[in-house]
Amino acid sequence: MKLAACINHVPDTAAKITIAADGTTIDKTGVQYIISPYDEFAVEECLRLKEKNGGDVTVVSLGNDAHKETLRKALAMGADKAVLLKDDSQRDSFGVARALADYLKELSPDAVFFGKQSVDYDDGSVGVMVAEMLGLPCVSVVVKLEITGGRATAEREIEGGREVVETTLPAVFTAQKGLNEPRYPSLKGIMGAKSKPIEERAAAAVPAKTLLVQMQKPPAKPAGRIVGTDVGAVPELVRLLHEEAKII
């Protein structure tokens, strides 16, 4: 099988984020970057399918040279090839999807995997847009996947349950937590990844469909109040929940 995983280079989920002076980007000072956690499930699923069916795994990322760090993490996990679509600009989801789709059309993989969403902007739209651009079926939020021959059976999360979907390959899948448990790179894999080449390609410019106007942090939570320490506080608590919090 020819397999592809599209991965993103994002701030560590434990990082303290500060908005930059321009009001539309984050201050990257002291921020550690990692492979987007949902993308790790995508890479792991590719590796498991390769181990089961044979083939090769290509990992692709769109961005600047900093993305090479994330690509090498995927190579250390066991990916065969890494491709960086070079672009220093800040793209919207459509622009990201367009660049990835153009490359994937040339690669022509049997299955393409994304994380269900990237944890920086959380929009979850790139994978499904790529599928539309390629004219391929797409199953999103996948928690279980079986591929036999040219068909795939996937379980995906829906509100209050799961849905079982069958499709033919080639197809696009977006991975949810629970699909697998990503492996830790071995020492041999880490050392080998350092010497593996990363193919670089220029990503064609794409006019933006959306414009980021402003980023802002949510308002600080107000301080808590103690309205009493015994059963006598219940009436006042109910009043506050009804009149101020407006949740009852």
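**Exercise 1. Describe the surface and overall build of the chain in this predicted model.**

Solution.
Step 1. The accessible surface of the chain is about 14,100 Å², and carbon and sulfur atoms hold 54% of that area.
Step 2. Along the principal axes, the C-alpha atoms occupy a box of roughly 70 × 45 × 40 Å.
Step 3. The chain has 248 residues, and 38% of them count as buried.
Step 4. Its secondary structure consists of six helices and 11 strands.
Step 5. Take the contacts between residues at least 6 apart in sequence: 68% of these join residues at least 24 apart.

**Exercise 2. Work out how helix α1 packs against helix α2.**

Solution.
Step 1. Locate the two elements: α1 covers residues 37–53 and α2 covers residues 67–77.
Step 2. The angle between them is about 35 degrees, and their axes lie 10 Å apart.
Step 3. The crossing of α1 past α2 is right-handed.
Step 4. On the α1 side, the contact is made by Glu40, Val43, Glu44 and Leu47; on the α2 side, by Lys73, Ala74 and Met77.
Step 5. Sorted by character, the residues of this contact are four nonpolar and three charged, with no polar ones.

**Exercise 3. Find the nonpolar cores and place Val43 in them.**

Solution.
Step 1. The largest nonpolar core contains 35 residues.
Step 2. Val43 is among the residues with the most contacts inside this core, together with Val59, Phe113, Leu145 and Phe173.
Step 3. Helix α1 contributes the most to this core, namely six residues.
Step 4. Leaving aside residues up to four places away in sequence, Val43 touches Ala5, Ile7, Ile35, Val59, Ala74 and Met77. Ala74 and Met77 belong to the α2 side of the helix contact.
Step 5. There is also a second, separate core of 20 residues, and its members include Leu62, Ala97, Leu104 and Val130.

**Exercise 4. Decide whether Pro11 is buried or exposed, and list its neighbours.**

Solution.
Step 1. Pro11 sits in strand β2, which spans residues 9–11.
Step 2. The relative accessible area of Pro11 is 14%. The cut-off for a buried residue is under 20%, so Pro11 is buried.
Step 3. With residues up to four places away in sequence left out, Pro11 touches Ile17, Ile26, Val31, Gln32, Tyr33, Ile34 and Asp120.
Step 4. For a separation across the chain, take Pro11 and Ile247: they are 236 residues apart in sequence, and their C-alpha atoms are 34 Å apart in space.

Notes: Residues are numbered from 1 along each chain as its sequence is written. This is a predicted model: local features need pLDDT of at least 70, side-chain atom pairs count only at pLDDT 80 or more; totals for chains, interfaces and linings use all residues. Side-chain values use heavy atoms; hydrogens and water are left out. Axes are lines fitted to C-alpha atoms, for helices over the stretch in contact, and angles run from 0 to 180 degrees between N-to-C directions. Helices (H or I, at least four residues) and strands (E, at least two) are DSSP runs, numbered from the N terminus. A crossing is left-handed if the near helix is turned anticlockwise from the far one by less than a right angle, and right-handed if clockwise. Contact means heavy atoms within 4.5 Å. Ala, Val, Leu, Ile, Met, Phe, Trp, Tyr, Cys and Pro count as nonpolar, Asp, Glu, Lys and Arg as charged, and the others, Gly among them, as polar. Buried means under 20% relative accessible area, exposed over 50%, partly exposed in between (1.4 Å probe, protein chains only). Accessible areas come from the Shrake-Rupley method with a 1.4 Å probe; for residues, only the protein chains shown count as cover. A nonpolar core is a set of buried Ala, Val, Leu, Ile, Met, Phe, Trp, Tyr and Cys residues joined through side-chain atoms within 4.5 Å.
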